[in-house]
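Have the sequence and the 3D view open side by side while reading this report. It follows a few places in the chain one after another.

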Amino acid sequence: MGTAKMEEMPALTSSSGDIRHPTFGFGSNSVRQLRGRVGDDTLQGFPARILGQALAFGGPNWSWPVDSGSGNGTATLIPLSGHLVLGTMAFLTDAQLDSLDVFEGVPKVYDRRTFKAQVMYQGVWRETMAVAYVKQSALEWIPPSEAYCCAVLRNLRSSYPDLRKLVWRDVTGKVQGEWHHPGHAQLGLDAFLFEVGVRKKTPWTLPRAIKTQREKLRDACPCGTTAALARALESNTVPFDEEELDIVRRLLTDGGDSDDDAVAEQACESDQS
């Protein structure tokens with residue numbers, strides 16, 4: 001499949017007429033997470049990719065929760081010939097980008113950079129310039145936490161539903177391993193809470209809300225595990241609202257993989273031509 005020049009897209013202007021900027025999310029910034037971060041439940045996403053770049057992880061990172069035994073690396077882009085990085089394209093106003101800058105720690109942790117990207121719109125790959133957040137300093141190889149892996153895979157699978165694993169590269173391009181989702185009931189509590197919060201009609205503000213929700217669960221789940229949460233659910237002692245309780249029940253039966261209403265189109269991972 002070839003590419004076409006970017007045509008005028010409805011997503012490029014807001015209802016108030018503000019210009020929207022193509023914003024490439026390759027890490028945790030799925031469109032549903034962005035909805036919670038910038039307060040816009042109308043955001044939609046489109047499959048996107050950047051040629052000559054690859055997804056890599058490095059640290060340290062202090063914002064994402066770290067389950068026992070997990071690392072705290074976060075995603076960045078590295079130039080790598082012959083590769084491409086997959087992601088999801090959202091379209092953000094200047095004010096929304098300013099809000100996102102706060103979450104990304106601009107300019108100390110991440111910085112905005114511009115890349116030539118491709119976005120799928122109406123079934124056709126189209127070229128456009130796009131904003132992406134690249135880590136300022138990630139020389140040290142530190143694997144990402146389970147909660148962060150869930151966030152990244154959620155983002156990528158929203159646009160590429162046949163994607164089943166994350167490849168862990170360091171910033172030199174060396175493959176350090178890979179990660180597969182173990183199933184929701186097998187997740188640590190921080191990762192499970194991410195999976196709950198991102199599915200709400202109005203998503204939690206992530207990752208900040210994970211710590212807040214964990215504190216709320218302290219009495220109901222003193223062990224701080226997903227198994228303890230499941231037991232508390234049976235005894236009706238979980239301090240969640242009805243929407244959250246319904247999400248928890250679905251996830252514990254391992255449902256909910258195809259419940260993303262934030263993507264307008266999807267693509268195949270194998271469609272790289």
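## A loop, a helix and the rest of the chain

Asn236 is placed in the loop between α6 and α7. The model shown here is predicted. In it, phi of Asn236 is near 60°, which is a positive value in a residue other than glycine. Most residues other than glycine have a negative phi. With a relative accessible area of 68%, Asn236 is exposed, since exposed means over 50%.

The helix that Asn236 follows is α6, which spans residues 226-234. Which residues of α6 are buried? They are Thr226, Ala228, Leu229, Ala232 and Leu233. These residues cover an arc of only 155° around the axis, so they are on the same side of α6. An α-helix has 3.6 residues a turn, so residues three or four places apart point the same way. The buried residues of α6 pack against two other helices, α4 (189-197) and α7 (242-252).

For the protein chain as a whole, the secondary structure comes to seven helices and eight strands. The chain has 273 residues, of which 56% count as buried. Among contacts with a separation of 6 or more, 74% are between residues 24 or more positions apart.

## Strands β2, β3 and β4

Strand β4 covers residues 74-92. Of its 19 residues, 14 are buried, so β4 is largely enclosed by the rest of the structure. Strand β4 pairs with β2 in the antiparallel sense over five bridges. In this pairing Pro22 has Phe91 of β4 as its bridge partner. Strands β3 and β4 also run antiparallel, and 12 bridges join them. Gly58 stands opposite Thr74 in β4.

Phe57 is part of β3, which spans residues 46-58. Is Phe57 buried or exposed? Its relative accessibility is 0%, so Phe57 counts as buried. Phe57 and Thr76 are 19 residues apart along the chain, yet their C-alpha atoms are separated by 6.0 Å. Neighbours within four places in sequence aside, the residues in contact with Phe57 include Thr74, Ala75, Trp141, Pro144, Tyr148 and Val152. The run Val167, Trp168, Arg169, Asp170 and Val171 is also in contact with Phe57.

## The largest pocket

Rolling a probe the size of a water molecule over the atoms shows where empty space is left. In this model the largest pocket holds about 500 Å³ of space. It is lined by 33 residues, and those closest to its centre are Asn61, Ser63, Phe103, Glu104 and Tyr110. Two or more lining residues come from each of β2 (21-25), α1 (31-38), β4 (74-92), α2 (94-104) and β6 (124-135). Which of these elements gives the most to the lining? Helix α2 does, with four residues. By type, the lining of the largest pocket divides into 15 nonpolar, 13 polar and five charged residues.

Helix α2 also holds Asp101. This residue has a relative accessible area of 14% and is buried, because the cut-off for buried is under 20%. Apart from its neighbours within four places in sequence, Asp101 is in contact with Val106, Arg112 and Tyr133.

## Backbone exceptions in loops

Val106 takes part in a further feature: the peptide bond from Val106 to Pro107 is cis, with omega near 5°. Pro107 is in the loop between α2 and β5, the latter spanning residues 110-121. A second cis peptide bond runs from Leu206 to Pro207, again with omega near 5°. Pro207 is in the loop between α4 and α5, where α5 covers residues 208-216. Most peptide bonds are trans.

Gln122 has a positive phi of about 55° although it is not a glycine. Its place is in the loop between β5 and β6. With a relative accessible area of 55%, Gln122 is exposed.

The table sets out the location and accessibility of four residues discussed above.

| Residue | Location | Relative accessible area |
|---|---|---|
| Phe57 | strand β3 | 0%, buried |
| Asp101 | helix α2 | 14%, buried |
| Gln122 | loop between β5 and β6 | 55%, exposed |
| Asn236 | loop between α6 and α7 | 68%, exposed |

Note on methods. Residues numbered from 1 in each chain as written. Predicted model: local features only at pLDDT ≥ 70, side-chain atom pairs only at ≥ 80, totals over all residues. Heavy atoms only, no water. Buried < 20%, exposed > 50% of the residue type's maximum accessible area, 1.4 Å probe, protein only. Arc of directions from axis to C-beta. Contact = heavy atoms within 4.5 Å. 1 Å grid on protein atoms, 1.4 Å probe; cavity = no way out; pocket = protein on both sides within 12 Å on 5 of 7 lines; lining within 4 Å. Points joined across faces, edges and corners; volume = space filled by probe spheres on them. Nonpolar A, V, L, I, M, F, W, Y, C, P; charged D, E, K, R; others polar. Pairing = 2+ DSSP bridges.
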